[in-house]
Protein chains: 2
Amino acid sequence: MSISSTYTTILETGYRLFAEHGFEKTSMTMIAKEVNISKPALYYHFVSKESIIEVLFDEICKSIGFENFFTIQDYTNDNFEEKLISDGLRIILKQNEDIYYTRIMNQYQALGYRNPTYSRKLIDSLDGFTTGFVALLQHGARIGAIEDTDALVKAQMLTMMIDSMDNFISYGLAYHYEAIWTKAVVTIVRGGTVR
Amino acid sequence: MSISSTYTTILETGYRLFAEHGFEKTSMTMIAKEVNISKPALYYHFVSKESIIEVLFDEICKSIGFENFFTIQDYTNDNFEEKLISDGLRIILKQNEDIYYTRIMNQYQALGYRNPTYSRKLIDSLDGFTTGFVALLQHGARIGAIEDTDALVKAQMLTMMIDSMDNFISYGLAYHYEAIWTKAVVTIVRGGTVR
DNA sequence: GTCTATAAAACGATAGAC
DNA sequence: GTCTATCGTTTTATAGAC
């Protein structure tokens, strides 16, 4: 259809191959073969393998913002706890639909250890979740749905739980994620001050 | 000293280089140069690069058992909560001492996605923590230190929190880990049943 | 935009001497 | 146990025609 349909196909194919075999073990030859073009044609669209990896990362980053999963205005005194539970579970569900996501992110985390460009964006994304949860918890306190204590620590715990659940799910660990997230929300969000 | 001092040096050097540059970007030439031997000398001690990575993994796995951090018998009715907190914080402290640890484990996790030998051992290690926490919580309930509810879910949450804290610390995120772990222990362990 | 052909470098691993 | 020298393969990337 579009004049850059090849461009998109390359990105989609790269996403899959990178997740399956890893960045290093996925060669430009493999991608070209899978897309059914020659290697120089591939280099026409992307100046290097690294640039495919970079563009892919930016695309992924766009889709993982806190606001994509939580809309603070929709939280009321009546639905606060149950909505926080169900919205969190939606994230888990989304990861179950895309088995490649966490495998790819694991590799971007590794890149981040050596390249600040990647770590910066990953940290920003996590910060976005923490900041979002803080705002959500403060909203909850304002409307009288929850206690007004330790918002930052609670938000950091929720961020870590979300991240960790993604990780464990992608590894095929049969944990009780629904019960875990529910308990996290119920006890953490309700719970009082740390001594 | 020992006849296999070179063998040990290779492992230590490999650990550092693999953490710094990654498995793929660390070549046998680099390791040989850093150890100050030739490449064939390196191949005398290890039949392949993969075998260095494997031996390294087994060494690491030995040091991350639940029992290395938590001794159930030492938990009494008086010290239960505070000991669980301090023992957990000891794990965090240990990771701060070895900045390479999480970087290496991140890569073994990636290997595990494609090789069951690695994922099997990683999952066993996590299972060891969950099983250990269950036993610890049941012990706590038996001696009347905590409520006797949802031991498995609580144990899974604690395992995930430990794993996640390691991860976030290694990424340089300045979270309130002490407060987070304390709150996790206090609210999760004390807290009642999930509705 | 896509192709065939190829360059240039790096890699894992080995032969064979000492 | 360690060396020099080298093999065979694969990699990223490009020159140049269409």
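A polar contact is a pair of N or O atoms within 3.5 Å; within protein, one of the two must be able to donate a hydrogen and the other to accept it, and residues adjacent in sequence count only if both atoms are side-chain atoms. With that in hand, welcome to the close-ups. This is a predicted model, in which local features need pLDDT of at least 70 and side-chain atom pairs count only at pLDDT 80 or more, while totals for chains, interfaces and linings use all residues. Residues are numbered from 1 along each chain as its sequence is written, chains are lettered from A and ligands numbered from 1 in the order in which they are written, and side-chain values use heavy atoms, with hydrogens and water left out.

**View 1. Lys49(B) and other residues meet the phosphates of DNA strand C.** A polar side-chain atom of Lys49(B) sits 2.8 Å from a phosphate oxygen of this strand. Backbone atoms take part too: an N or O atom in the backbone of Ser38(A) is 2.4 Å from a phosphate oxygen of DNA strand C, and for a backbone N or O atom of Met28(B) the distance to a phosphate oxygen is 3.0 Å. H3 of chain A and H3 of chain B are the elements that give two or more residues to the surface near DNA strand C. Here helices (H or I, at least four residues) and strands (E, at least two) are DSSP runs, numbered from the N terminus.

**View 2. A wider look at the surroundings of DNA strand C takes in 15 residues.** A residue counts as near a strand if one of its heavy atoms lies within 4 Å of it. Those that come nearest are Ser38(A), Pro40(A), His45(A), Tyr43(B) and Lys49(B). Which helix gives the most to this surface? H3(A) does, with four residues. By class, the surface holds seven nonpolar, six polar and two charged residues; Ala, Val, Leu, Ile, Met, Phe, Trp, Tyr, Cys and Pro count as nonpolar, Asp, Glu, Lys and Arg as charged, and the others, Gly among them, as polar. Of the strand's atoms within 4 Å of the protein, 53% belong to sugar or phosphate and the rest to bases.

**View 3. DNA strand D is surrounded by 16 residues.** The closest are Lys39(A), Tyr43(A), Ser38(B), Pro40(B) and His45(B). Sugar and phosphate make up 51% of the atoms of DNA strand D that come within 4 Å of the protein. Look for Lys39(A), where an N or O atom of the side chain is 3.1 Å from a base nitrogen of DNA strand D. Two residues of chain B approach phosphate oxygens: a polar backbone atom of Ser38(B) at 2.4 Å and a polar side-chain atom of His45(B) at 2.8 Å. Helix H3 (39–45) of chain A and helix H3 (39–45) of chain B each supply at least two residues of this surface, and H3(B) gives the most, with four. The classes here are eight nonpolar, six polar and two charged residues.

**View 4. Chain B and chain A bury about 4,700 Å² between them.** Buried area is the accessible area (1.4 Å probe) that two parts lose on being put together, summed over both. Carbon and sulfur atoms carry 62% of the area between these chains. In contact (heavy atoms within 4.5 Å) are 59 residues of chain B and 59 residues of chain A. There are four salt bridges between the chains, a salt bridge being a side-chain nitrogen of Lys or Arg within 4 Å of a carboxyl oxygen of Asp or Glu. Glu24(B) forms a salt bridge with Lys25(A), with the closest N and O atoms 3.4 Å apart. Across the interface, 19 residue pairs are in polar contact (both at pLDDT 80 or more). Elements giving two or more residues to chain B's side include helix H1 (5–21), helix H7 (116–142) and helix H8 (151–170) of chain B. The largest share, 14 residues, comes from H8(B).

**View 5. Domain 1 and domain 2 of chain A meet through twelve residues on each side.** Domain 1 covers 5–57 and domain 2 covers 63–190, with bounds from an automatic or database domain assignment. The two domains bury about 1,100 Å² between them, 67% of it on carbon and sulfur atoms. Tyr15(A), Phe23(A) and Phe57(A) supply 58% of the area that domain 1 buries against domain 2, more than any other three residues. How many salt bridges join the two domains of chain A? The count is zero, while eight residue pairs are in polar contact (both at pLDDT 80 or more).
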